[in-house]
Structures are given as C-alpha cells and as structure tokens.
Amino acid sequence: MLKKNGVFRLSALLLAVMLVFLSGSIALAAPKPLPDSSSMVQRSEPLPITQLFGLSTGPVLLDTNELPALNQEFGIIPPKPQPKPQPKPEPEPVPTGPLNSFQQNGMLAVSDLERLANLYIKNGVKIPGDFLAAISGAGQISVSRFEALCKQYGVSQLYMQRFIDDNFVYKMGNTYHYVPIQESLKMHRYNWDNLTGVFTDEMDYVVKGKSRAVKGIDISAYQGDIDWPRVKADGVEYAFIRLGNRGYSKGAIVMDEKYHQNMQGAQSVGIKVGVYFYSQAVNNAEAIEEANYVLQNIQGYTLELPVVFDIEGGQNSSYRTYSLSVQTATNLTKAFCKTIKNAGHEVLIYTYAKYFSEHLDIGQLQGYDFWLAQYYPIPFFPYNFQYWQYSCEGKVDGIKGNVDMNLLFLDYKR
C-alpha cells in the first residue's frame, strides 16, 4: 500500500512539473525576507580585557528560525556545526634573565653597571662618582661586592634594584633593607625588554611590534575640573575614579567631591571606568562597611573595570592604620574584596611594592588581581600583577597639573 501510493505521488508530481513548463507559467521565487532581530540568538562569552578594548572580533549571530524549517521540509537532521579552528596562542614571552636582572652566576658585568648608570644619570637619578670610580676597570664584580659598594657610597635603590633579583631592596636613610622573594608564589611572565618610553610619561609594552598594554589614569578631586573630551583625544582609554575615602584620624567615610562629575564626564566620551576607595579601615567590620558604601554609590553606573581596594597604611603615628599587623591588614583586605565579589563585581587590590611585600601576606590574596604602584623606570615586582602605576607626575591634555599614569597588561594571566 505504501509503495503504490509513493509511485502515484511521484508520477503526479512529475506530471505537474511538466505542465508548468509547457504552460510557460514558471516564476522565480520571491527572495525570503531576512529574519528580524527577535529571531537572532547572540552567542558570546563574558567580555575579556582584549575584547573590552576592541582587540578581538565580536559575537556570532545565528538564525534559529532556519533550522526547524529545513528539518520539516526535507526530513533530515542538519550536521552538527564544526568548531572553527582556533589560532595557536603565541608563546609567552620569556625573560632574558632571572626577573630581567643582569646577574650571571652571581656576577655582574661592569659594562652593564656603567651603561645603566649613565642612563639613570641622564634622567635625573644620582649615581655617586666615587661608586663609578670604584668599579671602573674591572671586567666583572660579584653581586656581594656590588651591594657593599652601593652601601658604602649610598647608591639609589632604583638603580641598585635593577641588579638584584632575589630580594626587594628598600633604602631608609643610609640603611638598606632586604625583603626576600617568596618563590612559592605565582610569578609574572612579562619581559621588561619590551617596555618602551622608559623615563617618560608615555610608556608602553610592545611585543613583536604590537602594543600589549592599555594607557589609563586614576583621578580624584585633586585633579579639579577635567576636560574629558581632550583626555580621550590624548589616548586615555580608561580611568579609575576615586569614589571616596575614610579619614586617617577620626575614620569618617566621605565621598570624593568630584566622583559623580568624573564618572559622568568619563563615560560621556567613551572612557571605560572603574572606581577606587582609599581605605583606613582597622578591622574587618570597617572594611565591609567601606565595601557596602562603594556598592551603594556605584548603583546607576556601569563599570567596565574593577572596584579597587586602595590600602596604603599610615605614614606616621597620627594615622589610625599606622600599627596594623600583617594579618589584620590581610584579613580586612580579604573582607572588602569578598564583599565586592559576592555582589557580582570584579575587584582589584592597589598598593605600592613595599606594602605588598612587607605589610600584606599576599600568599593569602592569590585569588585576587593586583595593581602595583612603583615609580621605577623598570618595575621590580616578581609576583603576578595586572596593572602598573608607573608615574604620579604624568601629563595628560585636559587635566591641569600632574596625574597618575598606568598600564594595563593584556598578556596578564591570573
């Protein structure tokens, strides 16, 4: 029964086609209208940093109305879409030496010492002539001899650190203080040979001829009224804007008086924003209070960048945070970050290298991203970090006076 009916239907179909051709009544099919946007499904992942700054392609659009119609018309199941081949990632840059220092088996080439000394002197860093005379004529000197000469002649830690790779070196008066590197922690993989614009306000990180860093600033009421269109035209792509702070003596929380003005001004010209809060919390409860204050006051704004916990300690005994223990500072940092993260926002920890290395247990903070403040021509911070504030004396069109300059490294991997 099924076979006879099938032959009959096929014969009838062929006869109908022949009649259409014989009558000359064949017509072109009208083009199928494009599906409207309501039938399009957008397939995308959360925006990574590279796509946020326009460095990757956009999402793929699929018409979900097409496939069911094809299934019904032809009685077939379309093949599963094959994943597009992904380009092989470029290998991570490998530093030219341990943390990019100039050490070779515990020795330093005097030619490297003299070459960098001349560069630093040219850019305003004082290198004592007696130190240069003491190393002159030798082919190599040991690292221990170098350290002894630096101490003897009072050499700048900016210069000295360039040749020391197993300790942070801090100079307090005439005393050098060494903080050992914790080798168990995750290290960055940046190659500082890729830095350009060293000793300028326009630093960059260039790999194989392509910039792999994004220029940004951080600002507060101290910058006054900002001409944001001019800032944008000067190449600034993002800004961290101070939302508020806690007073260093009485501990009252106050909003930055230019917060709303700066948020609206930056976003009106397409500059991506994050916010930061300058903390003077002395316990977990105060840190959580600061986090909740931030969450309350970012309502109504879309943040493309993280909320930042700015912890810098007390400069002297008049600061309420002056005597915080390492564990207390670490605990309250975690309390702020956890509160922000639980609310669905990315969070970033900002401080300077000395505070990171001496006043926080960063081994307990490895789940968070770091923003390093260090005003060295070449940074020395072996641990993994995403942002680098490299100057507090930057010049940007549209901002009167100095402004902090930052790089966001696109090759950062948590």
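User: Two strands pair if DSSP finds at least two bridges between them. How many bridges join strand 11 to strand 12?

Analyst: This is a predicted model, in which local features need pLDDT of at least 70 and side-chain atom pairs count only at pLDDT 80 or more, while totals for chains, interfaces and linings use all residues. Residues are numbered from 1 along each chain as its sequence is written, and side-chain values use heavy atoms, without hydrogens or water. Strand 11 and strand 12 (residues 253-255) run antiparallel, and Arg 246 has Ile 253 of strand 12 as its bridge partner. The number of bridges joining strand 11 to strand 12 is three.

User: Which residue takes a positive phi in the hairpin of strand 11 and strand 12?

Analyst: Six residues lie between the two strands of this hairpin. The positive phi there, near 85°, belongs to Gly 251.

User: Which residue in strand 13 stands opposite Tyr 238?

Analyst: Strand 11 runs parallel to strand 10 (residues 213-219), to which four bridges join it, and Tyr 238 stands opposite Gly 216. Strand 11 also runs parallel to strand 13 (residues 272-278), with seven bridges between them. In strand 13, the residue opposite Tyr 238 is Lys 272.

User: How many of the residues of strand 11 are buried?

Analyst: Buried means under 20% relative accessible area, with a 1.4 Å probe and protein chains only. In the protein, buried residues make up 42% of the 414 residues. Strand 11 (residues 238-246) is mostly covered, and its buried residues number nine of nine.

User: What arc do the buried residues of helix 4 cover around the axis?

Analyst: Helices are DSSP runs of H or I with at least four residues, and strands are runs of E with at least two, numbered from the N terminus. Helix 4 (residues 110-122) buries Val 110, Asp 112, Leu 113, Leu 116, Ala 117 and Tyr 120. These residues lie on the same side of helix 4, because the arc that they cover is only 155°.

User: What covers the buried residues of helix 4?

Analyst: The cover includes two strands, strand 3 (107-109) and strand 4 (140-142). It also includes helix 5 (129-135), helix 6 (143-153) and helix 7 (157-161).

User: Which residue just after helix 4 takes a positive phi?

Analyst: Helix 4 has 13 residues and reaches 18 Å from its first C-alpha to its last, close to the 18 Å expected at 1.5 Å a residue. Just after helix 4, the positive phi, about 95°, is that of Gly 124.

Note on methods:
Expected span 1.5 Å × (residues − 1). Buried < 20%, exposed > 50% of the residue type's maximum accessible area, 1.4 Å probe, protein only. Arc of directions from axis to C-beta. Contact = heavy atoms within 4.5 Å.
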